[in-house]
Amino acid sequence: MVPEERSLGGGKLLLDFPAEAVARLTISNPERRNALDHDILGALAEALPPLAEGIETRCVVITGAPPVFSAGYDIAGIPDQSFEADAEALVAHPFHEAMEAISAHPYPTLAAINGHCLGGGLELAVRCDLRVAAKEAKLGMPPAKLGLIYGHTGLQRFIEVVGVARTRELFLVGRNYDGERAERMGLVSEAVAAAEVEATALALAAEIAANAPISMRGNKRAIETLARNPVLSDDEERDLVELRRSCFASEDFREGIRAFAEKRKPRWTGA
């Protein structure tokens, strides 16, 4: 039974299930070019944990209602008299919470960048495991042009994705790049024509979701640990060794081997 579409965050975040084991979250704030406000950020933080339960959803796509992905933080409407407190509160609390929810999601996440993706919108995309972008989209980080010193957790994500040199370029120059240049920089996995972004992203998400749940969760956890800890502590190394060993006792590993030998689609149970 296909779950019903849901409207979250006062209608600014839409949840649907466009393919088997794939959930899609669509930012829908067209009057503000899909800018990220409290409603959207809170809804993102709340929507992701339930999608991690069981194996019914094994890949999450995040996109924007056309023609943009997201213009970033919604700080333009904050009044001058409360700007310092309100701007810091938006960036420090709901934004951080939403970004951490994406990073912590145990199954693969995929950003379908169907249009301009700037500032906080680009960090949201970078928090995802993979990114597909429209060739025509503009991707960039404007903090240098706004007087903003970016949060260290966000900067760390960019360093992990594109390295120190490209992160310097993004944050110190402040240019926007089209999808093809972003692909060459390693900022996105693939750049395609705007009309093909949705189909390309959903095909990739369906391919991902067809994989073994235990493998995706385990490999994602191991990659995250290694990315954050270039030198492992003894406890971290033991945890990763045990994580790998755990798959050998799983029914899904046996099922994967049988299905491969029998040239058929595996029937995953998550056990």
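Two strands count as paired if DSSP finds at least two bridges between them. The exercises below apply this and related criteria to a predicted model.

**Exercise 1.** Determine how strand 6 and strand 8 are joined, and place them in their sheet.

*Solution.*
1. Strand 8 covers residues 138-140, and two bridges join strand 6 to it. The pairing criterion asks for at least two bridges, so these strands pair.
2. The two strands run parallel.
3. One residue pair can be named: Cys 117 has Leu 139 of strand 8 as its bridge partner.
4. The sheet is open, has three strands in the order 6-8-9, and shows mixed pairing.
5. Strand 6 (117-118) and strand 9 (176-178) are its edge strands, since each pairs on one side only.

**Exercise 2.** Describe the partners of strand 7 and decide whether the strand is enclosed or open to the surroundings.

*Solution.*
1. With strand 5 (residues 109-113), strand 7 pairs in the parallel sense over four bridges. Within this pairing, Leu 110 is matched with Leu 130 of strand 7.
2. With strand 10 (residues 190-192), strand 7 is joined by three bridges, again in a parallel run. Here Ala 134 stands opposite Val 192.
3. Strand 7 spans residues 130-134, and four of its five residues are buried; therefore the strand is largely enclosed by the rest of the structure.

**Exercise 3.** Classify Glu 190 by accessibility and name the surface patch to which it belongs.

*Solution.*
1. Glu 190 is located in strand 10.
2. Its relative accessible area is 33%. Buried requires under 20% and exposed over 50%, so Glu 190 is partly exposed.
3. Patch residues need over 30% relative accessible area, and the value of 33% for Glu 190 satisfies this.
4. Glu 190 forms a negative surface patch together with Glu 136, Glu 180, Glu 183 and Glu 196.

**Exercise 4.** Is Ser 103 buried or exposed, and how far is its C-alpha atom from that of Phe 17?

*Solution.*
1. Ser 103 belongs to helix 2, which covers residues 83-104.
2. The relative accessibility of Ser 103 is 11%. The limit for buried is under 20%, so Ser 103 counts as buried.
3. Ser 103 and Phe 17 are 86 residues apart along the chain, and 21 Å separates their C-alpha atoms.

**Exercise 5.** Which residues make the nonpolar surface patch of about 280 Å²?

*Solution.*
1. The patch is made by Phe 248, Phe 253 and Ile 257.
2. Of these, Ile 257 can be placed in helix 10, residues 251-262.

Note on methods: Residues numbered from 1 in each chain as written. Predicted model: local features only at pLDDT ≥ 70, side-chain atom pairs only at ≥ 80, totals over all residues. Heavy atoms only, no water. Buried < 20%, exposed > 50% of the residue type's maximum accessible area, 1.4 Å probe, protein only. Patch = residues over 30% accessible without salt bridge, like charges linked within 9 Å, V, L, I, M, F, W, Y side chains within 5 Å. Areas by Shrake-Rupley, 256 points an atom, 1.4 Å probe, with all protein chains shown as cover. Salt bridge = Lys/Arg side-chain N within 4 Å of Asp/Glu carboxyl O. Lys, Arg positive; Asp, Glu negative; His and termini not counted. Charge placed at Lys NZ, Arg CZ, Asp CG, Glu CD.
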